[in-house]
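This report describes the fold elements, domains and local backbone features of one chain. The sequence and the coordinates are shown first.

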Amino acid sequence: MSSNIRIQRICEYCNNEFTARTTLTKYCSHTCNRRHYKTKIKQTKIDISNKETNSKVNSTTDRLKSKEFLTVEEVAVLLNCSKRTVYYHIKNGSINAINLGKRLTRVKRSSLDVLFDISGFS
Ligand SMILES: [Zn+2]
């Protein structure tokens, strides 16, 4: 349905003001329409990729959460910090760990929960 109305609008892609013939017009030109569409597709692809990365990270975290005893490396992944930081907290006693031997430090996962309770980060 054509009409004689003239509406001043701002193009959603280039932000230029233009005269639209319908209230539904979003772009000043076909070029902007197409470019914006492409941008949206690209953004969607980025979003999907980010979601995949997140779910991979989460599945690692979930796997570690179901373990009762963790290595220092796994604790670092779980807490998103460096191994050095984990060792530091083991040394100062805020993380309970047992040493089964050289390079065999194990941390009880529940002791991490305690850590979170104290710091209030949970
Ligand atoms: Zn435009």
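In this predicted model, strands β1 (residues 7–10) and β2 (residues 17–20) are paired antiparallel through four bridges. Within this pairing, Ile 7 has Ala 20 of β2 as its bridge partner. The two strands make up a hairpin, with six residues separating them. Thr 23 belongs to the loop that links β2 to α1 (30–65). The C-alpha atom of Thr 23 lies 7.2 Å from that of Ile 7, although 16 residues separate the two along the chain.

Two asparagine residues have a positive phi, a notable value for a residue other than glycine. Asn 15 is located in the loop between β1 and β2, and Asn 80 is located in the loop between α2 (72–79) and α3 (83–91). The table lists their phi values.

| Residue | Phi | Loop |
|---|---|---|
| Asn 15 | near 65° | between β1 and β2 |
| Asn 80 | near 55° | between α2 and α3 |

How is the exposure of these loop residues assigned? A residue counts as exposed if 12 or fewer other C-beta atoms lie within 10 Å of its own. Asn 15 is exposed because it has 9 C-beta neighbours inside 10 Å. Asn 80 is exposed because 9 other C-beta atoms lie within 10 Å. Thr 23, in the loop after β2, is likewise exposed because it has 9 C-beta neighbours inside 10 Å.

The domain assignment divides the chain into domain 1 (7–62) and domain 2 (67–119). A distance of 44 Å separates the C-alpha centres of domain 1 and domain 2.

Seven residues form the largest nonpolar core: Leu 70, Val 75, Val 86, Ile 95, Ala 97, Val 107 and Leu 112. In soluble globular proteins, nonpolar side chains tend to be buried together. When residues up to four places away in sequence are left out, Ala 97 is in contact with Ile 90, Thr 105, Arg 106 and Val 107. Of these contacts, Val 107 is also a member of the core.

Confidence varies along the chain. The mean pLDDT is 87, and 92% of the residues reach 70 or more. Strand β2 has the highest confidence, at a mean of 93, whereas helix α4 (residues 109–119) has the lowest, at a mean of 72. Where pLDDT is low, the predicted coordinates should not be read in detail.

Conventions:
Residues numbered from 1 in each chain as written. Predicted model: local features only at pLDDT ≥ 70, side-chain atom pairs only at ≥ 80, totals over all residues. Pairing = 2+ DSSP bridges. Domains from an automatic or database assignment. Buried ≥ 20, exposed ≤ 12 C-beta atoms within 10 Å, placed from the backbone. Core = buried A, V, L, I, M, F, W, Y, C linked by C-beta atoms within 7 Å. Contact = placed C-beta atoms within 7 Å. pLDDT = per-residue confidence, 0-100.
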